[in-house]
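This report describes the fold of a single chain and then turns to selected helices, loops and residues.

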Amino acid sequence: TPGKFVYRNLANTASLLGVLPLIILFMDGGFQYVIPLFIYNNFIDDLDGVLAAKLNIRSKFGADLDNVCDAVAHISLALAVGAHFGNFLIVASAIAAGSILLRIVSRLQPAAFAGQGSQTNELMRHILFALLLAGQFNFSPEYILAAIYLIHAVTMVVPYRMPHPIIDAATTATRLGLVNAALLAAWLIPAVTPIIAAAFFGAYLYAFFAGSITRAKALLSPVIVK
């Protein structure tokens with residue numbers, strides 16, 4: 001029935017709605033809306049998963065659609081920021097876009113590419129924080145953004161799992177809501193922006209170093225035994 005069709009596709013509709021408003025970025029003056037678009041996309045990206053789980057409407061098609069929508073949205077946002085600032089940041093954003101594609105392929109076809117690293121929306125959150133801090137403290141964020149793009153280009157495609165202290169803990173709808181509330185607070189309440197940004201950046205750097213050390217130990221163990 002039409003009602004059942006709509007019900008079973010609520011999560012898929014949310015996935016599509018996470019992408020469609022990003023067309024604003026390609027309009028004249030559209031970059032001024034990039035920060036709310038980052039926050040909106042992160043919210044919708046979490047919402048579709050919550051809907052699929054709570055309404056028991058998970059499907060292989062829905063999971064694949066979500067991954068494809070993530071790729072389109074995150075590549076669009078990454079390239080829009082790179083194009084806005086120009087110069088070397090365009091190249092850095094293009095490299096990150098390539099890693100986003102590889103990361104999404106690892107979700108769609110795990111046997112084709114063994115990327116298990118950081119999530120693509122982790123990159124989105126860090127770009128958001130860099131832009132917010134640059135606006136708050138009146139500095140040019142190009143070099144920080146370039147570093148964010150390049151380090152994520154590596155961590156998104158590493159063939160081992162990285163621990164994510166904040167994101168891995170967001171295993172319920174309530175906790176995901178708190179993450180999104182933190183992003184909204186970082187945008188609307190300048191006093192807490194550095195604190196929230198430091199928490200997310202710190203958790204990510206911990207994951208990077210902890211994951212790298214664990215991987216190095218695993219690779220070196222056979223050598224040490226011999």
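Helices (H or I, at least four residues) and strands (E, at least two) are taken as DSSP runs and numbered from the N terminus. The model is a predicted one, in which local features need pLDDT of at least 70, side-chain atom pairs count only at pLDDT 80 or more, and totals for chains, interfaces and linings use all residues. Residues are numbered from 1 along each chain as its sequence is written, and side-chain values use heavy atoms, with hydrogens and water left out.

**Overall fold**

The chain contains 9 helices and 0 strands, and its pattern along the sequence reads α-α-α-α-α-α-α-α-α. Its radius of gyration is 18 Å, close to the 17 Å given by the globule rule for 226 residues, so the chain is as compact as a globular protein of that length. Here the radius is taken over C-alpha atoms, and the rule is 2.2 Å times the number of residues to the power 0.38. The C-alpha trace spans about 65 × 45 × 30 Å along its principal axes.

Contact means heavy atoms within 4.5 Å. Among contacts in the chain with a separation of 6 or more, 75% are accounted for by residues 24 or more positions apart. Of the 226 residues, 46% count as buried; buried means under 20% relative accessible area, exposed over 50%, and partly exposed in between (1.4 Å probe, protein chains only). The chain exposes about 11700 Å², of which carbon and sulfur atoms supply 71%. This area comes from the Shrake-Rupley method with a 1.4 Å probe.

**Helices 6 and 8**

The expected span of a helix is 1.5 Å times one less than its number of residues. Helix 6 has 18 residues and should span 26 Å, which agrees with the 26 Å between its end C-alpha atoms. In this helix 15 of the 18 residues are buried, so helix 6 is largely enclosed by the rest of the structure. Helix 8 (residues 173-188) has 16 residues and reaches 22 Å from its first C-alpha to its last, close to the expected 22 Å. Buried residues in helix 8 include Leu176, Val179, Ala182, Leu183 and Ala186.

**Two loop asparagines**

Most residues other than glycine have a negative phi. Asn56, however, has a positive phi near 55°, and Asn138 likewise has a positive phi near 55°. Asn138 comes just after helix 6. Their places and accessibilities are tabulated below.

| Residue | Loop between | Relative accessibility |
|---|---|---|
| Asn56 | helix 3 (34-54) and helix 4 (60-85) | 66%, exposed |
| Asn138 | helix 6 (120-137) and helix 7 (142-155) | 71%, exposed |

**Two buried helix residues**

Ser76 lies in helix 4 and is buried, with a relative accessible area of 16%. Not counting residues up to four places away in sequence, Ser76 touches Leu22, Leu25 and Phe26.

Ala96 is found in helix 5 (residues 88-108) and counts as buried at 0% relative accessibility. With residues up to four places away in sequence again left out, Ala96 touches Leu123, Tyr149, Ala153 and Met156. From Ala96 to Ser15 the separation is 81 residues in sequence and 22 Å in space, C-alpha to C-alpha.
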